[in-house]
Amino acid sequence: MSNDYFAAQPSPSEIKEKMKGYSSWLEIDLDHLEHNLEQISRHVGVTVMAVVKNNAYGHGVIPVTAYLESKGVEWCMVAKLYEALKIREAGLKLDILNMDVLFTEGQYDSVVGNGITQAIYTRDDAEKLNESANRLGVNAKVFIKVDTGLNRVGVRHTEAAGFIEYVHGLEGVRVMGMFSTFQQNFEDSKMLAKLLAVDAELKTKGIEVPIKSMASTDATFHNPAGWLDLVRPGMSLYGVYPEKKDLSAPVDLKQVLSFKARIEYIKRITRGEGVTYWGKFIAPKDMTIGTIHAGFYDGIPREMANMGRILVDGKYKSSLGSVSLNHYLVDLEGVDAEKGTVVEIIGREGENTLSKTAETAGWMVYSLLNHLHMNTPRVYYSGGEPVALLDSTS
Ligand SMILES: Cc1ncc(COP(=O)(O)O)c(C=O)c1O
């Protein structure tokens, strides 16, 4: 790992020492991240833009982006300007596509001044970026967002060629690419045809847009025609098949994240006793139970009441009762545990993977990842050793 970010990290033994005091934390396996990147790259054979928006789907935007850059990734995507700026502040040089909306002159200037590529779809945006470019004496880089039918944001495909011709003519603005997003249904082939028609019309005007992109994970898996010049995987990069149908995709993914915590307290309860708010669990017999110091503050869905599968001492045990803000209870019958024992709330395989947990909770796996708390420490592993730590708690 030749990246400055990792060189500046505490040593593995320092990280292990800090971990002894954590009540809950996330473990990020960078080898799995690399494996998924390789699988996706080999499958598509085109440029991969790593979607690291929303704190890299909870995995931690800076360590993940730093690691991907060290593995040769040239493009990443964010949805918040502050994440793009954090990436630059961390000294990372890769191209960043920022999908955030800009309002102030200061924001336009900071995008242009930091060499961030801005997604645009209005003349107003193009002109403001051009003004910033003139002010700062550098080019503004843009990707044009084309609306081929999602009707979220983007210049309508029928007006896109004219718009891109206009932007292309602005002296301070460089059109790096154009992109669109599929509905992920039967409309997709029509949507792709619309983007390709924009490209064909531009070619008749002598304009070549260097990068065309439509595919996120779904099309990366299932729609080779949609790969074009660049794919934009998010969920698959983190080793998750978003839906059951995706398990047939010809890529072998390894989940990157796991969620661990420590038992804070153990007790015996007697048959008939209620456990947690509303007596959500009533003991059917005398039993040993443990309390884990993590809850829905940390991102455990409240829908996991009585339904969680927690790995303790090598066995999956059921969660007991409701999920509190900061407590989660587990059945400890037949397992060895004491205060401080490490348990796995979300595992990379077995009964408590991200997908299985999301399914049990009735959540999308996207929501599950996006609810992992920013302040939960994240420990990054490579070769089985901790190589980086994100800890905003100290
Ligand atoms: C424009 C765009 N491209 C790509 C992605 C990545 O999607 P996925 O996580 O399904 O790969 C997203 C995520 O929502 C997105 O907004």
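1. In this predicted model, strand β3, which spans residues 75-78, pairs with strand β4, residues 95-98, and the two run in the parallel sense over 4 bridges. Within this pairing, Val78 stands opposite Asn98 of β4. Between the two strands the chain passes through helix α6, residues 81-89, and the resulting β-α-β crossover is right-handed.

2. Strand β4 also pairs with strand β5, residues 117-120, again in a parallel arrangement, here joined by 2 bridges. On this side of β4 the residue to look for is Leu97, which stands opposite Thr117 in β5. Helix α7, residues 105-113, belongs with β4 and β5 to a β-α-β unit that is right-handed.

3. The domain assignment divides the protein into domain 1, covering 31-238, and domain 2, covering 257-376, and the C-alpha centres of these domains lie 39 Å apart. Domain 1 and domain 2 each contribute 7 residues to the contact. What is the make-up of the side of domain 1 that touches domain 2, in nonpolar, polar and charged residues? That side divides into 3 nonpolar and 4 polar residues, with no charged residue.

4. A reader turning to the ligand will find around it Val51 and Thr181, followed along the chain by Ser216, Thr217 and Asp218, then by Arg232, Pro233, Gly234, Met235 and Ser236, and finally by Pro242. By residue class, this shell around the ligand comprises 4 nonpolar, 5 polar and 2 charged residues.

Notes. Residues numbered from 1 in each chain as written. Predicted model: local features only at pLDDT ≥ 70, side-chain atom pairs only at ≥ 80, totals over all residues. Near = placed C-beta within 6 Å. Nonpolar A, V, L, I, M, F, W, Y, C, P; charged D, E, K, R; others polar. Pairing = 2+ DSSP bridges. Right-handed = clockwise from strand over helix to strand, strands pointing away. Domains from an automatic or database assignment. Contact = placed C-beta atoms within 7 Å.
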